[in-house]
Amino acid sequence: PQAVCTRLRSLLAPGGMLATTEQPRHASEKDAVAMGLRIENWMRAAGFSEFRSETLEFKGLPAVCVLGS
């Protein structure tokens, strides 16, 4: 996953933003938040520096969206 973030970072225009959403199956909100933190760590290691995360419910299950620039 970190290699994918690194590749996507290299394709973005300067100041570009990557948004990714994950909805773990059969997961709790705690699980979704933990996945969001893992994604943020992969993005940080790839060179992203500013982050925003949002957790929301979609079709009865929590989903997390992580944005990084």
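Is Lys59 buried or exposed in this predicted model? Lys59 is exposed, because its relative accessible area of 77% lies over the 50% cut-off.

**Figure 1. Overall fold of the predicted model.** The secondary structure of the protein consists of two helices and three strands. Followed along the sequence, these elements are arranged in the pattern α-β-α-β-β. The C-alpha trace spans about 35 × 15 × 15 Å along its principal axes. For 69 residues, a compact globule would be expected to have a radius of gyration near 11 Å, and the value of 12 Å for the protein agrees with this. Of the contacts between residues at least 6 apart in sequence, 62% join residues at least 24 apart.

**Figure 2. Surface and charges of the protein.** The exposed area comes to about 4,700 Å², of which carbon and sulfur atoms supply 54%. Buried residues account for 29% of the 69 residues. The protein carries 8 positive and 7 negative charges, and the mean positions of the two sets are 7 Å apart.

**Figure 3. Lys59 in the loop between strands S2 and S3.** Strand S2 covers residues 51-58 and strand S3 covers residues 61-68, with Lys59 in the loop between them. The phi angle of Lys59 is near 55 degrees, which is a positive value in a residue other than glycine. With a relative accessible area of 77%, the residue is exposed.

**Figure 4. His26 and Ala27 in the loop between strand S1 and helix H2.** Strand S1 comprises residues 18-22, and Ala27 is found in the loop that lies between this strand and H2. His26 is placed in the loop between S1 and H2. What is the phi angle of His26? Phi of His26 is near 55 degrees, a positive value in a residue other than glycine. His26 is exposed, because its relative accessible area is 78% and the cut-off for exposure is over 50%. Ala27, by contrast, counts as buried, because its relative accessibility is 13% and the limit for burial is under 20%. Leaving aside neighbours within four places in sequence, Ala27 is in contact with Leu61 and Pro62. Ala27 and Leu61 are 34 residues apart along the chain, and their C-alpha atoms are separated by 7.1 Å.

**Figure 5. Glu40 of helix H2 and its contacts.** Glu40 lies in helix H2. Is the residue buried or exposed? Glu40 counts as buried, since its relative accessibility is 17% and the limit is under 20%. When residues up to four places away in sequence are not counted, Glu40 touches Phe51, Ser53 and Val66.

**Figure 6. Trp42 of helix H2 and the residues it touches.** Trp42 also belongs to helix H2. At 27% relative accessibility, Trp42 counts as partly exposed, because this value falls between the 20% and 50% cut-offs. Which residues does Trp42 touch, not counting residues up to four places away in sequence? Trp42 touches Pro1, Gln2 and Cys5. The C-alpha atoms of Trp42 and Arg9 are 11 Å apart in space, and the two residues are 33 apart in sequence.

**Figure 7. Ala45 in helix H2 and its separation from Gln2.** Helix H2 runs through residues 29-45 and contains Ala45. Ala45 counts as partly exposed, with a relative accessibility of 47%. Between Ala45 and Gln2, the C-alpha to C-alpha distance is 7.1 Å, and the separation in sequence is 43 residues. Gln2 is also one of the residues touched by Trp42.

**Figure 8. The cysteines Cys5 and Cys65.** How many disulfides does the model contain? The count comes to zero disulfides. Cys5 is in no disulfide, and the nearest cysteine sulfur, that of Cys65, is 13 Å away. Cys65 is likewise in no disulfide, its nearest cysteine sulfur being that of Cys5 at 13 Å. The pair is not counted as a disulfide because the sulfur atoms would have to be within 2.5 Å. Cys5 counts as buried at 8% relative accessibility. Cys65 is buried as well, with a relative accessible area of 17%. Cys5 is among the residues touched by Trp42.

Conventions:
Residues numbered from 1 in each chain as written. Predicted model: local features only at pLDDT ≥ 70, side-chain atom pairs only at ≥ 80, totals over all residues. Heavy atoms only, no water. Helix = DSSP H or I, 4+ residues; strand = E, 2+ residues; numbered from the N terminus. Buried < 20%, exposed > 50% of the residue type's maximum accessible area, 1.4 Å probe, protein only. Rg over C-alpha atoms; globule rule 2.2 N^0.38 Å. Contact = heavy atoms within 4.5 Å. Areas by Shrake-Rupley, 256 points an atom, 1.4 Å probe, with all protein chains shown as cover. Lys, Arg positive; Asp, Glu negative; His and termini not counted. Charge placed at Lys NZ, Arg CZ, Asp CG, Glu CD.
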